[in-house]
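Me: I'm new to this one. Can you walk me through it?
Reply: Sure. Have a look here, then ask away.

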Number of protein chains: 2
Amino acid sequence: MAVDREFYMRQALDLAREAARAGEVPVGCVVVRGSEIVGRGRNRREEKRSAASHAEMEAIAQANAALDTWRLEDCELYVTLEPCPMCAGAILNARISRVWYGARDPAFGACGGVVNLFMEDFPNRPALVGGILEAECRAVLSSFFGGLRRERDKLT
Amino acid sequence: MAVDREFYMRQALDLAREAARAGEVPVGCVVVRGSEIVGRGRNRREEKRSAASHAEMEAIAQANAALDTWRLEDCELYVTLEPCPMCAGAILNARISRVWYGARDPAFGACGGVVNLFMEDFPNRPALVGGILEAECRAVLSSFFGGLRRERDKLT
């Protein structure tokens, strides 16, 4: 079980690194049904100039298309960073059964960081497990923001 | 001012009625910049088989495309039903400055119905005004769900 969840989180981490290479805040996500990955996503906010293009939204949209339904009751979601309110809301709307996340987000997190939407009185709340490969998930973000700071310091 | 906000809510109501005619839960939304409507959306969840295709998400995506940016700081959003967590989160992410909604949603609302995300410690929270043309906004929903019940009763 521990092996499986780390396998899927590593897939999400690969997508986060792909986002970093593209100059996006590095967050990656996969949606899994049984043992199959049915949706992959990574942050594309700058590329698409779209407020909604977070990793989870992309992965959920891909899973919706792959399974030809908005209902993902039998799916689990792995994401490198704690979901924001929009993504936590999309997880509720898609009725995803379980969420695994890596690093906590004390600034925007909606699964414990700022609020916990999955502890509120909404229907179809998923099970929630945080801290999967947390150090690696956090390192990808730290490295990206560290790089941005170095770029800025070179310019000033 | 009261005239303006009712004008824009009537545009959103027209979109909600369009959704009802298409067999979707009738919610409509417009995004306004200055006096110009830069995004229109209506619920397309069944049509697109997508958990994310709520009216607000469609209107925000259209505004992002029209203005070629994910940042909508100088925009206001009008929606016939209180936003759910996903849509309230997208409003935060897009940095929309003000939200006007029609009917409350005690089951899914994230602007006071179940939780109020705009009262939590997130950055870029919009101003919020509920109850604009509330009776008309509620009537569009009641009529839709009443019709569904009549269809079901015919079948049983």
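Me: Let's start with Glu56(A). Which residues does Glu56(A) touch, leaving out those up to four places away in sequence?
Reply: Keep in mind that this is a predicted model. Glu56(A) touches Cys29(A), Leu77(A), Val79(A), Leu81(A), Pro83(A), Cys84(A) and Cys87(A).

Me: And where does Glu56(A) lie?
Reply: In helix α3 of chain A, which covers residues 55–67.

Me: Is Glu56(A) buried or exposed?
Reply: Glu56(A) is buried. Even so, Glu56(A) has no salt bridge. Arg45(A) is the nearest side chain of opposite charge, and it is 11 Å away.

Me: OK, switching to the two chains. How many residues does each give to the contact?
Reply: Chain A gives 30 residues, and chain B gives 30 residues.

Me: What area is buried between chain A and chain B?
Reply: About 2,400 Å². Carbon and sulfur atoms give 69% of that.

Me: Why quote an area at all?
Reply: Because the size of an interface is often given as the accessible area lost when the parts come together.

Me: How many salt bridges are there between chain A and chain B?
Reply: The count is 2. In a salt bridge, the side chain of Arg49(B) meets that of Asp68(A), at 3.4 Å from N to O.

Me: How many residue pairs are in polar contact between the chains?
Reply: 8, with both residues at pLDDT 80 or more.

Me: Which elements of chain A give two or more residues to the side that touches chain B?
Reply: α2 (45–48), α3 and α4 (85–94) of chain A. α4(A) gives the most, with 7 residues.

Me: How do the residues on that side of chain A divide?
Reply: Into 17 nonpolar, 7 polar and 6 charged.

Me: Back to Arg49(B). Where is Arg49(B) found?
Reply: In the loop between α2 (45–48) and α3 (55–67) of chain B. Arg49(B) has a positive phi of about 50 degrees, although it is not a glycine.

Me: Why point that out?
Reply: Because most residues other than glycine have a negative phi.

Me: What about Leu133(A), what is its phi?
Reply: Near 50 degrees, a positive value in a residue other than glycine. Leu133(A) has its place in the loop between β5 (127–129) and α5 (134–155) of chain A.

Me: And how do Leu133(A) and Arg49(B) come out on accessibility?
Reply: Leu133(A) has 12% relative accessibility, so it counts as buried. Arg49(B) is partly exposed, with a relative accessible area of 38%.

Methods:
Residues numbered from 1 in each chain as written. Chains lettered and ligands numbered in written order. Predicted model: local features only at pLDDT ≥ 70, side-chain atom pairs only at ≥ 80, totals over all residues. Heavy atoms only, no water. Helix = DSSP H or I, 4+ residues; strand = E, 2+ residues; numbered from the N terminus. Buried < 20%, exposed > 50% of the residue type's maximum accessible area, 1.4 Å probe, protein only. Lys, Arg positive; Asp, Glu negative; His and termini not counted. Salt bridge = Lys/Arg side-chain N within 4 Å of Asp/Glu carboxyl O. Contact = heavy atoms within 4.5 Å. Buried area = accessible area lost by both parts, 1.4 Å probe. Polar contact = N/O pair within 3.5 Å; in protein donor to acceptor, adjacent residues only side chain to side chain. Nonpolar A, V, L, I, M, F, W, Y, C, P; charged D, E, K, R; others polar.
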